[in-house]
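Please read this short report with the sequence and the model side by side, and look up each residue as it is named.

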Amino acid sequence: MNFLEIMYPTLVMCAPITLVIIIGIAVTALWLKIMDKNIRACPECGRKAAGTIVETEEVLLSSYVDHKRRTPVRVKKLKIIDHYQCDFCEHTWERSFNRTEPVPVKVTPRGK
Ligand SMILES: [Zn+2]
């Protein structure tokens, strides 16, 4: 029995799993690309993937310390506003979404 004879069944078993993982990654990447194109579509001229982020604004919505966790964590709720500009017609628009980020209390510098 040589090395290849031992490895062959293992490779045969691994091949479908590897294939599924590769397809999964490819589909996810493609989906993200399509989503990105739609997100950056210009509302004025309708071209896909035309928008470029020219400015990102962060607005602090709320900030509180969560004591329910084992180590207290400051929870910051931010509103992220992305300002887009169309590469073709120079139309500008904005998209916003909320983001919650936990910040360890001890690390947070004061007055920032
Ligand atoms: Zn446009």
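Of the 112 residues of this protein, 4% count as buried, and the model in which they are counted is a predicted one. The overall dimensions can be read beside that figure: the radius of gyration is 23 Å, whereas a compact globule of 112 residues would have a value near 13 Å. Taken along the principal axes, the box filled by the C-alpha atoms is roughly 70 × 50 × 20 Å.

The secondary structure consists of 1 helix and 3 strands, and along the sequence these elements follow the pattern α-β-β-β. The protein is divided into domain 1, residues 1-39, and domain 2, residues 50-112, and the centres of the two domains, taken over C-alpha atoms, are separated by 35 Å. If one considers the contacts between residues at least 6 apart in sequence, 48% of them join residues at least 24 apart.

How confident is the predictor? The average pLDDT of the protein is 89, and 94% of the residues score at least 70. Confidence is lowest in α1, with a mean of 91, and highest in β2, with 95.

**The helix**

Helix α1 covers residues 3-39, and its 37 residues should span 54 Å at 1.5 Å a residue, which agrees with the 51 Å found between its end C-alpha atoms. The helix has a kink of about 30° at Cys 14, and this kink comes shortly before the proline Pro 16. Is α1 buried or in the open? The number of buried residues among its 37 is 0, so the helix lies largely in the open.

One residue of helix α1 is Asp 36, which counts as partly exposed because it has 13 C-beta neighbours inside 10 Å, while the limit for an exposed residue is 12 or fewer. Asp 36 and Gly 51 are 15 residues apart along the chain, and their C-alpha atoms are separated by 10.0 Å.

**The loops**

Three loop residues can be set side by side, each with its place and its count of C-beta neighbours.

| Residue | Loop | C-beta atoms within 10 Å |
|---|---|---|
| Ala 49 | between α1 and β1 | 15 |
| Lys 68 | between β1 and β2 | 7 |
| Glu 90 | between β2 and β3 | 10 |

Which of these residues count as exposed, and which as partly exposed? Lys 68, with 7 neighbours, counts as exposed, and Glu 90, with 10, counts as exposed too, whereas Ala 49, with 15, is partly exposed. The reason is the cut-off: a residue is exposed if 12 or fewer other C-beta atoms lie within 10 Å of its own, buried if there are 20 or more, and partly exposed in between.

The backbone angles of two of these residues also deserve a careful look. Most residues other than glycine have a negative phi. In Ala 49, however, phi is near 55°, a positive value in a residue other than glycine, and in Glu 90 phi is near 60°, which is again positive.

Lys 68 offers a comparison of distance along the chain with distance in space. The loop that holds Lys 68 runs between β1, residues 51-66, and β2, residues 73-86, and Glu 94 follows 26 residues away in sequence, with 36 Å between the two C-alpha atoms. Strand β3 covers residues 92-104.

Key. Residues are numbered from 1 along each chain as its sequence is written. This is a predicted model: local features need pLDDT of at least 70, side-chain atom pairs count only at pLDDT 80 or more; totals for chains, interfaces and linings use all residues. Helices (H or I, at least four residues) and strands (E, at least two) are DSSP runs, numbered from the N terminus. The radius of gyration is taken over C-alpha atoms; the globule rule is 2.2 Å times the number of residues to the power 0.38. Two residues are in contact if their C-beta atoms, placed from the backbone, lie within 7 Å. The expected span of a helix is 1.5 Å times one less than its number of residues. The bend at a residue is the angle between axes fitted to the seven residues ending there and the seven starting there. Domain bounds come from an automatic or database domain assignment. pLDDT is the predictor's confidence in each residue, from 0 to 100.
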